[in-house]
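Subject: Structure for your review

Dear colleague,

Please find below a structure that I would ask you to look through. My notes on its sheets follow directly after it.

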Amino acid sequence: MNTTLNRPSLRAPHTLGAAVLRPIMTAALLLGLTSAPVHAQTIRPVPGVPMPSEHLGIAVGADRVLADFTQINSYFSALARAVPQVRLDTLGVTTQGKPFIVAAISTPANIARLDEIRAAQVQLADTRGLSAADEARLIASQPVVMFVSCNLHSSEIGASQMAMELAYRLATVDTLQRQLENVVVMLVPSMNPDGQQMITDWYREGVGTPFEGGPLPWLYHVYTGHDNNRDWFMVTQKETRLVTDFLYRQWFPQIFYDVHQQGNRGMRMTVPPHVDPINGNVDPLIVRGINLIGMQMQFALESRGKTGVGDGVTYDLWWHGGARSTPTRHNMVGLLSEAASARIASPIEQSVDELTGHPRGLPTYERKVNFPNPWLGGTWRLRDIMDYQLIAAEALVELASTQRASFVRTQVQLTRKQVALGASEAPYAYVIPDNQRDPSAVQRLIEVLRIGGVEVSKATAAFTADGRQYSAGSYVVNMAQPFRAHAKDLLEVQQFPRMEQYPGGPVDPPYDVAGWTLPMQLGVTAEAVTSAPLRDVSTVPVLQMNDAAATCSAVSSRGPMALKLSDTRSYSILARALNAGVRARLTTAATTAVNGETVPSGTVVLDRTPDARALGGEPLCAHQLLPLARMPAGAAVRAPRIAMYKPWTANMDEGWTRWVFEQFGVPFTSLTDSMVRAGRLEALYDVIVVPDMPLSQMRDGMSAREVPARYAGGLGEAGLATLATFTRAGGTLVLLDHASEFAVEQLGAPVRIIAGGNRTGEANPGGDQRAVAAPRTSPYAPGSILRTLVSTGHTLASGASDTSAVYFTNSVTFDVAANAPVEVVARYPSNAEDILLSGYLDGAASIAGHAAMVRVPSGRGQAVMFGFRPQHRAQSYGTFRLLFNALYLGR
């Protein structure tokens, strides 16, 4: 997951001194335990079957040697042509147009009947139509289907190379072929082919230079970078959608195995069991299955002499939205392994003194808690990574084969249990009422649920549930369905448990995201039905991915139109209309629409209805527009000249912002360091957006020791001064989250920043490990949903309600003095207990009553400072409008 290399631990390492370890190392050397590794899984030639190295003409797995995705695709194509044990399919194309491939590998007999096997998987995934006889037959005969995900994070390159050797061995080794009589492996050699190619090309360019194995200065997924493993419930990207469709609509595998790499200062490989807490929507059978597989992997690795294998340290079973966590909400055993990284394909040398422990006490070199056989240092290379991964993957195949019936039976049990729980315990259903403030957000919610395989229906008549009246057109998500856990986990509120290390002591914080409640992020109401199952409610199933077409009443008028900015898609209409030359105004007085509805002051009005070509296919719906008899008076709203700062630091927030802008038709220019330093920004742009990043990253960028000079150094002081000049000369600077530091330090904004993110807080004064933790003076919430109070009369809050849920990722907060020349657009409630909506928040009192979004004048311009990311991972749809207001209405 985190492949940070050769960097010190944030806490004091637990290591033995060199004097103590030297005798151990000497003994290890004498025994040959630290020598360069022997290829753990032998690749033997088979006549007529291409071997990876032979086919590609390179030594796969050797130091400083990488196969790129084009070569990997070529190898899998050749293997599939050569043997009946492999079938290669292309699921679709990637963001940059590469084929997204998956190899089905099993015995020739199983490959010949893949369609039959897939049809049986569909039956197993929904047992409501499965007879007892069919169930018994399938449990007795159906092979386990296992999905193996490689190289999701492109810089974790080892699995993309390992996949070729794994495919070859599965197809040619007699022992593995016997095991595959009971198993079908669905192997994806790279879950991000575009990024695999980028990393390989960059690495090859750097070999033999000071930058060998160094970081890529841009995102290895065009929009998401490392965050492509945070897109698995929102499913915004092409690659995520292809795999999601394969998993939850086509194949329904019993096991999902995600092969990763991690940093290299501790364990050589991390496998399950994982750490607490366990999300209550992950069934105990799935947890047991994950642990069973992890133990099998550990045993196999240990028996092959692979040291440094550990578990129960870093990765938990709480958060939703990762490649291996989302399957666990779909009745699948989802797990990951994390191998220590090299410098891409360049070996590294590490002494024991460089290896560190973990705050949970594992792995330390003083105590071998859950870590029976530590790696004692030496050379660590790509070949080691591949060998560990090969052993783990083949151990999983062996276990799945020997426990075939158990895994198939478990899937049936899980599916039946989910349906039964939905009918027997609350919540029995969720109702998404009709006629909400933001119809497009409702449709986005329906789309996310449907893409994830959740059954959604639509009421055809009014009904009552839990004493509440619902109109026809309301959506119903009954919980008595196979993917109940996924639906429930997305729709309910998360309450991350408070896990004290000892009574009154420090709290173990979340590993990753703590809250993700989707209706809150979208600004949608979804109400749980808790009194009894819904009965006698007339509904029809929603079969499409979304129901937008059915809910859009076309606009026939061609005259002036008032935009309803409460509907987020209205901003797409505004952006595209302005791009097409349509004039717009921001009204200064209330007016009346043709239908008699009052149009308040501060509404955006278009002088005519844009044609379909100008809108790029964006539909015009009655719930977005109100026809007017004439164009009212108001301030002109013009198409702003927008730029976005793009640092050479592979900034993920920049990528997500680009993606959101493109989806809404917002035109912009990407500004690199040299373009900013060139100056005259005020003559070229009206608005500049700076994505979430600290001021130090803006100023310094990457070091010249890490990347070539053309990518190093950031903006420097000159570039920062240029941005300040742009703002004071009349420009609008939109600063997202930590980028707000710029306004304070460079523009003199009269606010004090309250920074979040101190993982340990103020715990243990005086170093007493049994001391009671002191109250926090700053917030800690690595990913949670917080309540803000919005100044709805402010132009920047147009279309918003008086309360808004914002996504807080150890973000910044603004302390604004009472008489400061600062306009507060949104602030947190004064009562600390009212702030957290979903997830985890420690130190709420430190931000209570303080500002979350402000506008600060600067010269003739202004800075709009967000203390959160309004477009966070394209999930926080409900706050997109605040960002769009800053672009279009902020001037």
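The notes below describe two sheets and the helices that lie against them.

This is a predicted model, in which local features need pLDDT of at least 70 and side-chain atom pairs count only at pLDDT 80 or more, while totals for chains, interfaces and linings use all residues. Residues are numbered from 1 along each chain as its sequence is written, and side-chain values use heavy atoms, without hydrogens and water.

An open sheet of 8 strands runs in the order β1-β2-β4-β3-β5-β10-β6-β8, with mixed pairing. Strands here are DSSP runs of E with at least two residues, and helices are runs of H or I with at least four, both numbered from the N terminus; two strands pair if DSSP finds at least two bridges between them. The edge strands, β1 (86-93) and β8 (309-310), each pair on one side only. Helix α11 (284-303) packs on this sheet and touches β5, β6, β8 and β10, contact being heavy atoms within 4.5 Å. Its direction makes about 35° with that of β10; axes are lines fitted to C-alpha atoms, for helices over the stretch in contact, and angles run from 0 to 180 degrees between N-to-C directions. Strands β6 and β8 run parallel, joined by 2 bridges, and threonine 270 stands opposite glycine 310.

The other open sheet has 5 strands in antiparallel pairing, ordered β20-β13-β17-β14-β21. β20 (527-529) and β21 (539-541) each have a single partner strand, so one side of each lacks a neighbour in the sheet. Strands β14 and β21 share 3 bridges, with alanine 459 partnering threonine 539. Helix α15 (439-451) lies across β13 and β17, at about 30° to β17.

With kind regards
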